[in-house]
Amino acid sequence: MKALALALMGTLLPVVAGAETLAYIGTETSGSSQGIYVASVDEATGALSAPRLAAAIANPGFLALHPAKHRLYAVTESQAADGSRTEAVAAFAVLADGRLELLNTQPAGGNGPCHLAVDASGRVLLLANYNGGNVVAYPLGPDGRIGPASSTMQHAGASVDPQRQTRPHPHGIYPDPTGTRAYVPDLGLDQVLIYRLDPATGRFTPNEPPHARTEPGGGPRHMAFHPSGRFAYVNLEMSSRVAAYRLDAATGALTPLQVLSTLPPGVTVPGNSTAETLLHPSGRFLYVSNRGHDSIAVFAINEQDGTLRFIETTPTGGRTPRSFGLSPDGRWLVAGNQSSGSVSLFRVDSASGMLAAVGSGVGIDRPSFVMLMQR
């Protein structure tokens, strides 16, 4: 039914009258940035306001929004003068002016927290620890506060690259469209691990099948589910490619469909790596960021069989686009250029999915994550 509704709505979701689009930006705080920032998108002109501090917190490298939009969650890492590290997840209330009020924190339960998500029920927070090689689930209270960890799964194994794949490195964690599973791209294993998830208890159990494989040395990083619930897409950080899968909602299995480069035909960029993967809300386009080529790759999606067709790459106007966000109505894309200290805004063409830069962007030191919300 969801896929049919999207098809009937055409290429874009309807624009809500009076909608306000906010861009939340996580930053590395080893320079001048102080935490999470917020900027506004002018719905008429596309202008992006100067980012303002929403919450002071150390190294909020990834953010996740509660389905009700009234709570926001972040990973955070800090280091004391004696060298000891504090790694945690933090809960915030979203205030009327866009600022964030800290509610509480919980320990990350592993090293290198890099990605988190809230399940569709709004009852469970999921976390991937890159260096710790594990994933953690936390119950969320009615007030949005994070409870003590309810479940942890430790990964084991290695893959083919002797520098980066000698042990597990979960790089993302994604609740599936049914709300009963969580998928974990593990860069160190060249696998997408699959867990069953009970929202009532916040507990993981291994799925059967337990994982899907990616190409050796690919290094799966992030993924996205098609709104139809029939397909999934995983970007391969180390090989600069994106893999398409058919998703079986009954078993959770991922069946490989194809693998494509995220660079233009005939182009090679030594040291390039992919970072973020997002689907347009219409289900017609897929976007993947290239660090090195410093671009967003745009793909068209065949909604019948889930396969991809490369359209173009669009320069992000800066260096190292680690993260970008799409507005829920599909009209805007905002990219954070981590190495050049800027955030760029693009208008999304509803017919082609192509991107057009709006303005020259705004400055902010070391943006590491961008998320758009509308209210």
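## Close-up views of a predicted model

**View 1. A cis peptide bond at Pro-209.** Pro-209 is located in strand E15, which covers residues 203-213. The model shown here and in the views below is predicted. The peptide bond that leads from Glu-208 to Pro-209 is cis. Its omega angle is near 10 degrees.

**View 2. Strand E22 and its surroundings.** Strand E22 is made up of residues 295-301. A residue counts as buried when its relative accessible area is under 20%. Seven of the seven residues of E22 are buried, so this strand is largely enclosed by the rest of the structure. Both faces of the strand are covered. One side carries Ser-295, Ala-297, Phe-299 and Ile-301, and the other carries Ile-296, Val-298 and Ala-300; all are buried.

**View 3. The hairpin of E21 and E22.** Strand E21 (residues 285-291) runs antiparallel to E22, and six bridges join the two. One of the bridge pairs consists of Asn-290 and, in E22, Ser-295. Three residues lie between the two strands of this hairpin. In the turn, Gly-292 has a positive phi of about 120 degrees.

**View 4. The hairpin of E22 and E23.** E22 also pairs with strand E23 (residues 308-315), in the antiparallel sense and over seven bridges. Ala-300 has Arg-309 of E23 opposite it. Six residues lie between the two strands of the hairpin. The turn contains Gly-306, whose phi is positive, at about 80 degrees.

**View 5. Thr-320 in the loop after E23.** Thr-320 is found in the loop that connects E23 with strand E24 (321-326). Its phi is positive, near 65 degrees, and the residue is not a glycine. Thr-320 has a relative accessible area of 19%, so it counts as buried, the cut-off being under 20%.

**View 6. Ser-240 in the loop between E17 and E18.** Strand E17 (231-236) and strand E18 (241-247) flank the loop that holds Ser-240. Ser-240 is another residue other than glycine with a positive phi, here of about 55 degrees. The relative accessible area of Ser-240 is 7%, and the residue is therefore buried.

**View 7. Gly-133 and its contacts.** Gly-133 belongs to the loop between strand E9 (124-129) and strand E10 (134-139). This glycine counts as buried because its relative accessibility is 2%. Leaving aside neighbours within four places in sequence, its contacts are Met-153, Gln-154, His-155, Pro-168 and Pro-170. Gly-110 is 23 residues away from Gly-133 along the chain, and their C-alpha atoms are separated by 7.6 Å.

**View 8. The largest cavity.** One cavity of 30 Å³ or more is found. The volume of the largest cavity is about 50 Å³. Its lining consists of Gly-61, Phe-62, Cys-114, Arg-221, His-222, Glu-276, Arg-322, Ser-323, Ser-368 and Phe-369. Two or more lining residues come from each of strand E16 (220-225), E24 and strand E28 (367-374). By residue class, the lining of this cavity has three nonpolar, four polar and three charged members.

**View 9. The largest pocket.** The largest pocket has a volume of about 1600 Å³. Its lining comprises 43 residues. Those nearest the centre of the pocket are Leu-65, Val-118, Phe-225, Leu-278 and Leu-279. The elements that give two or more residues to this lining are helix H1 (2-9) and the strands E4 (63-65), E8 (113-118), E12 (174-175), E16, E20 (273-279), E24 and E28. E28 gives the largest share, five residues. The lining of the largest pocket has 29 nonpolar, nine polar and five charged residues.

**View 10. The second largest pocket.** The second largest pocket holds about 310 Å³ of space. Of its 18 lining residues, Glu-28, Asn-59, Glu-77, Pro-113 and Arg-322 lie nearest the centre. Strand E5 (71-79), strand E6 (85-94) and E8 each give two or more residues to this lining. Here the residues divide into five nonpolar, eight polar and five charged. Arg-322 is also among the residues that line the largest cavity.

Note on methods: Residues numbered from 1 in each chain as written. Predicted model: local features only at pLDDT ≥ 70, side-chain atom pairs only at ≥ 80, totals over all residues. Heavy atoms only, no water. Helix = DSSP H or I, 4+ residues; strand = E, 2+ residues; numbered from the N terminus. Buried < 20%, exposed > 50% of the residue type's maximum accessible area, 1.4 Å probe, protein only. Contact = heavy atoms within 4.5 Å. Pairing = 2+ DSSP bridges. 1 Å grid on protein atoms, 1.4 Å probe; cavity = no way out; pocket = protein on both sides within 12 Å on 5 of 7 lines; lining within 4 Å. Points joined across faces, edges and corners; volume = space filled by probe spheres on them. Nonpolar A, V, L, I, M, F, W, Y, C, P; charged D, E, K, R; others polar.
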